[in-house]
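Thanks for coming, everyone. I'll take you through one structure today, piece by piece. Please have a look at it first.

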Amino acid sequence: MKLKVSVIGTGYLGATHAACMSSLGFEVIGVDVDAAKIELLSASKVPFYEPDLEDLLQKEIASGRLTFTTDFNAIADVDVHFICVGTPQKADSLAADLKYVDAALDAVAAICKPGALVVGKSTVPVGTAARLRERLLKINPGADLAWNPEFLREGFAVEDTLRPNRLVVGVTSDAAEAKLKEIYASNLAENTPWVRADLPTSELVKVAANSFLATKISFINAMAEVCEAAGGDVTVLAKAIGYDPRIGNRFLQAGIGFGGGCLPKDIRAFMARAGELGADQALEFLREIDSINLRARQRVIELVRRDLSDNLAGKKIAVLGAAFKPDSDDVRDSPALDIAAQIAAAGATVTIHDPKAIAPARKRFPALGFSEDIEGALEGADLVLHLTEWKIYRELDPAKMAKLVANPIMIDGRNALDREAWIAAGWKFRALGRAN
Ligand code: UDX
């Protein structure tokens with residue numbers, strides 16, 4: 001008999017995890033307190049853009065294995081409960097807000113059967129899992145709790161969930177590990193590396209990985225600042241250092257930096273937690289990583305000012321991209337949208353295009369201008385900003401685009417466009433970390 005699974009919290013992580021678990025043949029019930037979200041998911045609709053997820057969801061719901069509900073009583077006889085709720089940054093500090101995780105634990109503890117395993121997947125400050133386990137055992141002594149961090153990237157959520165590059169399980173018993181091995185049997189059959197850890201290490205793995213990625217991005221953006229000062233080219237520098245296999249060429253794309261629902265808040269929550277543990281000195285460098293990252297946004301705005309004689313009032317600026325990265329409609333802490341809003345606040349008339357993120361961007365900044373087509377955004381523009389590297393922007397014809405704008409000035413905030421082609425078509429071309 002296959003184990004029965006619940007997934008508590010049906011955002012990016014939970015909705016994807018639920019559909020993927022179902023595709024592995026488990027009976028899965030997704031639970032969320034947001035009735036509107038459950039209604040959409042039950043109708044096979046994904047409330048956000050994630051390639052391949054809607055197709056998978058449709059297939060799994062049709063199979064009868066996957067259902068969604070707001071009723072926690074519906075998951076009482078489940079064997080393994082995955083907690084996938086959000087841990088956003090607190091409004092008044094750098095720390096993570098654990099109210100959703102705590103509420104999910106309490107809800108599941110009240111109804112789960114003896115022998116059930118509760119598995120946390122949310123990103124939490126180290127120490128949370130042990131605290132939650134104690135709380136669970138107090139309410140429900142027959143249950144157990146493990147931690148199993150998730151490393152999925154938005155835009156590749158289905159692929160990363162079905163074929164993770166490693167599985168990390170924080171457990172306190174062989175029985176809990178054995179149950180998780182049953183869940184991930186198909187990955188183990190494909191030789192996916194399996195790392196057994198204690199609870200705190202499993203929590204730390206996640207924030208350490210995201211801190212490392214953030215550091216890599218801010219490192220190359222710091223090099224971009226030096227390149228600008230010295231007349232060098234950061235794209236050539238990144239290519240050259242990336243050939244060293246110890247360094248590698250991934251996550252060395254210089255530009256306006258990292259954003260999204262994970263990297264920024266995870267490094268901040270990590271610093272806050274280290275402070276509580278008396279280890280704040282160890283993570284002081286992350287403060288600098290955060291500053292370099294936020295500075296990249298200001299450097300783009302400086303380039304804009306330089307090209308428009310330091311006067312943005314009344315200037316028409318086209319912005320290509322609002323999502324925090326391509327293949328996503330997520331605008332949480334998006335560098336692109338932040339820059340667009342700052343330029344508008346300085347008096348420019350901003351028109352934003354994005355293939356998927358216009359609706360969430362408009363919800364966040366209703367006063368900004370938006371265009372469903374690229375031509376509409378570029379029409380009569382004094383300057384164009386390329387801020388999210390969607391493939392369609394790389395495929396634009398610079399000569400055709402030049403005819404639409406008032407001034408052919410392109411600032412490539414992602415170092416992703418073909419500079420020579422744009423210059424050949426008559427554009428003044430600027431980019432971070434290159435001679436401008
Ligand atoms: C990240 C981690 O990659 C993932 O493992 C974790 O579980 C969740 O957080 P995600 O937020 O989906 O995933 O985005 P990611 O692909 O890591 O990109 C983060 C940001 O860094 C984006 O804004 C992206 O544009 C930026 N970035 C990435 C760069 O600026 N340069 C790079 O070279 C790579």
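**A walk through the model**

Let's start with one residue: N415 has a relative accessibility of 10%, so N415 counts as buried. Keep in mind that what you see is a predicted model.

Where does N415 sit? It lies in the loop between β13, residues 409-412, and α18, residues 419-424. Now look at its backbone. Most residues other than glycine have a negative phi. N415 goes the other way: its phi is positive, near 50°, and N415 is not a glycine.

F251 is another such case. Its phi is positive too, about 60°, and F251 is not a glycine either. You will find F251 in the loop between α10, residues 234-242, and α11, residues 263-276. Is F251 buried or exposed? Neither, quite: its relative accessibility is 36%, so F251 counts as partly exposed.

Next, the sheet. Six strands form an open sheet, and the pairing is parallel. Read across, the order is β11-β10-β9-β12-β13-β14. Which strands are at the edges? They are β11, residues 369-370, and β14, residues 428-431, and each of these pairs on one side only.

Let's zoom in on one pair. Strand β9 covers residues 316-320, and strand β10 covers residues 349-353. Five bridges join β9 and β10, in the parallel sense. Take A318 as an example: its bridge partner in β10 is T351.

A helix packs on this sheet. That is α13, residues 335-345. It touches β9, β10 and β12, the last of these being residues 383-386. The direction of α13 makes about 160° with that of β10.

Now the interior. The largest nonpolar core has 52 residues. Which of them touch the most other members? They are V304, I317, I343, I352, L378, V384 and L385. And α13 gives the most to this core, with six residues.

I343 is worth a stop. Setting aside neighbours within four places in sequence, I343 is in contact with I301, V304, L312, I317, A348, V350 and L385.

There is also a second core, separate from that one. It has 39 residues, among them V5, L13, C84 and A176.

On to helix packing. Two packed helices are described by the angle between their axes and the distance between the axes. Take α12, residues 284-307, with α13. Their axes come within 10 Å and cross at roughly 45°. So α12 and α13 are oblique to each other. The crossing of α12 past α13 is right-handed.

Which residues meet there? From α12 we have R297, Q298, V300, I301 and V304. From α13 we have P335, D338, I339, Q342 and I343.

Now a second pair: helix α9, residues 199-230, and α10. These axes come within 9 Å and cross at roughly 135°. Hence α9 and α10 are also oblique to each other. Their crossing is right-handed. On the α9 side, the residues are F219, I220, M223, A224 and C227. They meet V234, L237, A238 and I241 in α10.

Let's move to another pair of strands. Strand β5, residues 117-120, pairs with β6 in the parallel sense over four bridges. The bridge partner of L117 in β6 is D144.

In a regular strand the side chains alternate between the two faces of the sheet. Look at β6, residues 144-147. D144 and A146 point one way, and L145 and W147 point the other way. All of these are buried.

Two more residues before I stop. D160 is in helix α6, residues 157-162. Its relative accessible area is 12%, so D160 is buried. Not counting residues up to four places away in sequence, D160 touches F151, L152 and R153.

The other one is G14, in helix α1, residues 12-23. G14 has a relative accessibility of 0%, so it counts as buried. Beyond its neighbours within four places in sequence, G14 is in contact with V7, G9 and C84. How far apart are the C-alpha atoms of G14 and L308? They are separated by 45 Å, with the two residues 294 apart along the chain.

That's my tour. Thank you.

Definitions and conventions:
Residues are numbered from 1 along each chain as its sequence is written. This is a predicted model: local features need pLDDT of at least 70, side-chain atom pairs count only at pLDDT 80 or more; totals for chains, interfaces and linings use all residues. Side-chain values use heavy atoms; hydrogens and water are left out. Two strands pair if DSSP finds at least two bridges between them. Helices (H or I, at least four residues) and strands (E, at least two) are DSSP runs, numbered from the N terminus. Contact means heavy atoms within 4.5 Å. Axes are lines fitted to C-alpha atoms, for helices over the stretch in contact, and angles run from 0 to 180 degrees between N-to-C directions. A nonpolar core is a set of buried Ala, Val, Leu, Ile, Met, Phe, Trp, Tyr and Cys residues joined through side-chain atoms within 4.5 Å. Buried means under 20% relative accessible area, exposed over 50%, partly exposed in between (1.4 Å probe, protein chains only). Angles under 35 degrees count as roughly parallel, over 145 as roughly antiparallel, 65 to 115 as roughly perpendicular and the rest as oblique. A crossing is left-handed if the near helix is turned anticlockwise from the far one by less than a right angle, and right-handed if clockwise.
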